[in-house]
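Here is a short briefing on one chain. It covers charge, fold, packing and one ring pair.

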Amino acid sequence: MKDLAFHLTDIVENGIRAGAGEIGIRLRCVGREFRMRIDDNGCGMDAETLERAVNPFFTTRTTRKMGLGLPFLFQNAEQCGGSAGVRSRPGRGTVVEARFPLDHIDCPPAGDLAGTLMQLIVGNPGVNIRIRMDCGRRSAGLATREIADALEGLPLGHPRVALHIRELLASLLEEVFRGRLI
């Protein structure tokens, strides 16, 4: 995976496939470190499945024989001196967290976070995606449910709505992180 946005997409899509109706995304800068946390209320995993989930040769999908998302996230975080972890409980959901030192030469770039978040929102209108961004004293947040309520029936997937959501997310990311993300 080339950048943090790809990791974010993979983890959120895993939660959606696991039946999540609520997904929380928290993006933070703490010092010179970028932290990402994704939690969902999907079906969760038992201890055995959780242990196997970080193995690239394990997947619950039937469309391919390898599950590379979590192993690549762990590898990319550790490669630049960061870390990643996952915890889960059956019937309760899953939490994935990762830390990336922004000043490490091997830290993956952020990628198109605004476009990625917009795609996740408009592509999954039945899922309430809550996004929280923090960097120092600056913070911002939004949720799919709030956006949908404000639109009064206009679909999230409407091209003008999608464009507006992307512009809003880009503005919030810039306001909060002020160019600190690569």
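Lys and Arg count as positive and Asp and Glu as negative, while His and the chain ends are left uncounted. Each charge is placed at NZ of Lys, CZ of Arg, CG of Asp or CD of Glu. On that basis the chain has 24 positive and 22 negative charges, and their mean positions lie 2 Å apart.

This is a predicted model: local features need pLDDT of at least 70, side-chain atom pairs count only at pLDDT 80 or more, and totals for chains, interfaces and linings use all residues. Residues are numbered from 1 along each chain as its sequence is written, and side-chain values use heavy atoms, without hydrogens or water.

**Fold**
- The chain has six helices and six strands (DSSP runs: H or I of at least four residues for helices, E of at least two for strands, numbered from the N terminus).
- Their order along the sequence is α-β-β-α-α-β-β-α-β-β-α-α.

**Size and packing**
- The C-alpha atoms fill a box of roughly 45 × 35 × 25 Å along the principal axes.
- Of the 182 residues, 46% are buried (under 20% relative accessible area, 1.4 Å probe, protein chains only).
- Contacts are heavy atoms within 4.5 Å. Among those between residues at least 6 apart in sequence, 63% join residues at least 24 apart.

**Aromatic pair**
- Rings of Phe, Tyr and Trp (its six-membered ring) pair if their centres lie within 6.5 Å; planes under 30 degrees apart are stacked, over 60 edge-to-face, the rest tilted.
- The count is one aromatic pair.
- The ring centres of Phe34 and Phe177 are 6.3 Å apart with planes at 65°, so the pair is edge-to-face.
- Phe34 sits in strand E2 (residues 33-40) and Phe177 in helix H6 (residues 159-177), 143 residues apart.
- Phe34 and Phe177 are both buried.

Key
Buried means under 20% relative accessible area, exposed over 50%, partly exposed in between (1.4 Å probe, protein chains only).
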